[in-house]
Amino acid sequence: MGLYCFGIDVGGTTVKCGLFLTDGTLVEKWEIPTRIENNGSEILPDVAQTIKDKIQERGLTKDNIDGVGIGIPGPVNDKGEVPMAVNLHWGFKAVASELSFLTGLPAKAGNDANIAALGEAWKGAAEGAKNVVLVTLGTGVGGGIIVDGKIVSGHHGAGGEVGHANVNHSEIEACNCGNHGCLEQYASATGIVRVANQILEESQEDSSLRHCRNLSAKAVLDAYKAGDKLAVHTMEKVGDVLGGALAVFSCVVDPETIVVGGGVSKAGQPLIDCITKFYKKYAFPSCKNTPIVCASLGNDAGIYGAARMVIKD
């Protein structure tokens with residue numbers, strides 16, 4: 001067993017990198033650019049090179065290192081293969097085997113949201129929990145599911161795609177995925193703005209939201225915390241949809257903890273309280289008291305989870 005491992009989280013703009021001790025201590029973190037030109041052909045070689053450079057800089061050997069975990073923004077199967085990662089301009093890529101070949105180290109790959117869930121379960125808001133549901137509320141809605149300490153990636157690598165659970169069979173507008181009525185259309189940052197605009201159009205009531213030149217989720221949440229009636233109406237609708245969806249996921253997974261991350265989660269406890277109220281309304285009796293908490297690792301969740309994938313228990 002080595003003393004160290006690497007956790008890598010590939011984003012559309014930067015690749016976040018972390019060197020960890022195998023007890024979970026983050027030794028150092030850094031970033032390199034994500035070079036998506038030429039169909040992203042340089043991304044994995046760049047990752048391999050920065051790992052090799054760090055090994056040399058630290059005076060380590062490969063015998064000191066358990067391996068490299070890497071998170072990818074796209075579905076990843078249990079062989080570490082990616083059928084497609086649009087943001088990286090990738091078609092099919094055998095990520096784990098290619099990175100292992102380039103570094104000479106064992107490598108594992110996973111979906112970025114799934115490994116963020118693993119990170120939060122390992123060293124974050126759900127530390128010590130073996131069964132966790134993570135939902136990330138950002139431009140879209142992502143998620144990750146951990147059962148018995150392991151990522152649920154599923155047959156197609158689409159396990160944990162909670163943002164595309166159907167929550168409204170009557171929705172006429174299409175989601176980015178092409179379906180209609182996805183959770184992402186209501187609970188993402190863009191979804192919150194969409195719901196707010198619909199409510200503003202349906203009501204003549206005065207609201208601070210009417211004076212926003214470019215309405216944002218933050219503006220809605222700030223107004224909600226200030227007691228603005230239309231903002232409260234908006235977040236009650238969002239909370240109802242999201243709390244209901246989390247209640248459904250709990251029936252399937254029965255998590256010890258539900259973690260809410262992403263930029264929207266910066267609204268903090270008022271958002272959590274709103275979600276929890278509706279979750280309790282819909283949840284199966286045995287699951288009603290499952291704690292819902294804000295993620296604590298922020299942008300580092302991915303590198304923590306990636307590292308955890310390759311640590312030998």
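**Entry 1: a buried glycine.** I count a residue as buried when its relative accessible area is under 20%, and I apply that cut-off throughout to this model, which is a predicted one. I looked up glycine 261 and found a relative accessibility of 4%, so it counts as buried. Glycine 261 sits in strand S11. I also took its distance to leucine 209: the two are 52 residues apart in sequence, and their C-alpha atoms are 24 Å apart in space.

**Entry 2: the largest nonpolar core.** I then turned to the largest nonpolar core, which holds 46 residues, and noted that Val135, Leu137, Met235, Leu242, Leu246, Leu271 and Tyr279 touch the most other members. The elements that each supply at least two residues of this core include strands S8, S9 and S11, along with helices H5 (184-187), H6 (189-202), H7 (217-225), H8 (229-253) and H9 (269-282). The largest share of this core comes from H8, which provides eleven residues.

**Entry 3: the largest pocket.** I recorded a volume of about 1400 Å³ for the largest pocket. Its lining has 43 residues, and those closest to the centre of the pocket are Pro73, Asp112, Ala113, Thr136 and Gly142. Strand S1 (4-10), helix H4 (112-123), strand S8 (132-137), strand S9 (141-147) and helix H10 (301-310) are the elements that give two or more residues to this lining. H4 gives the most, with four residues. By residue class, I found 15 nonpolar, 21 polar and seven charged residues in the lining of the largest pocket.

**Entry 4: the second largest pocket.** For the second largest pocket I noted about 630 Å³ of space. Here 23 residues form the lining, and Leu118, Gly149, Lys150, Ile151 and Met309 are the closest to the centre. At least two residues of this lining come from each of strand S7 (107-111), H4, strand S10 (150-151) and H10, and the largest share, four residues, is that of S7. The lining of the second largest pocket divides into nine nonpolar, seven polar and seven charged residues.

**Entry 5: helix H4.** Since H4 had come up in both pockets, I examined the helix itself. Ten of its twelve residues are buried, so H4 is largely enclosed by the rest of the structure. The buried residues are Ala113, Asn114, Ile115, Ala116, Ala117, Leu118, Gly119, Glu120, Ala121 and Trp122. I also checked the length: at 1.5 Å a residue, the twelve residues of H4 should span 16 Å, and the end C-alpha atoms are indeed 16 Å apart.

**Entry 6: helix H2.** I made the same kind of check on H2 (residues 43-57), whose 15 residues should span 21 Å at 1.5 Å a residue, and this agrees with the 21 Å between its end C-alpha atoms. Within H2, I listed Ile43, Leu44, Asp46, Val47, Ala48, Thr50, Ile51, Lys54 and Ile55 as buried. Glycine 59 follows the helix and has a positive phi, near 70°.

**Entry 7: positive phi outside glycine.** Most residues other than glycine have a negative phi, so I looked up two exceptions. Asparagine 39, which is not a glycine, has a positive phi of about 55°; it lies in helix H1 (residues 37-40) and is exposed, with a relative accessible area of 58%. Aspartate 148 likewise has a positive phi, near 55°, but aspartate 148 is found in the loop between S9 and S10, where its relative accessibility of 55% makes it count as exposed.

**Entry 8: cysteines.** I searched the whole structure for disulfides and found zero. Why is cysteine 212 without a bond to the closest cysteine sulfur? The sulfur of cysteine 212 is 19 Å from that sulfur, which belongs to cysteine 274, and this is too far for a bond. Cysteine 212 counts as partly exposed, at 29% relative accessibility. Cysteine 287 is in no disulfide either, and the nearest cysteine sulfur, that of cysteine 251, is 5.9 Å away, whereas the cut-off I use for a disulfide is 2.5 Å. Cysteine 287 is buried, with a relative accessible area of 3%.

Terms used. Residues numbered from 1 in each chain as written. Predicted model: local features only at pLDDT ≥ 70, side-chain atom pairs only at ≥ 80, totals over all residues. Heavy atoms only, no water. 1 Å grid on protein atoms, 1.4 Å probe; cavity = no way out; pocket = protein on both sides within 12 Å on 5 of 7 lines; lining within 4 Å. Points joined across faces, edges and corners; volume = space filled by probe spheres on them. Nonpolar A, V, L, I, M, F, W, Y, C, P; charged D, E, K, R; others polar. Expected span 1.5 Å × (residues − 1). Buried < 20%, exposed > 50% of the residue type's maximum accessible area, 1.4 Å probe, protein only. Core = buried A, V, L, I, M, F, W, Y, C linked by side-chain atoms within 4.5 Å.
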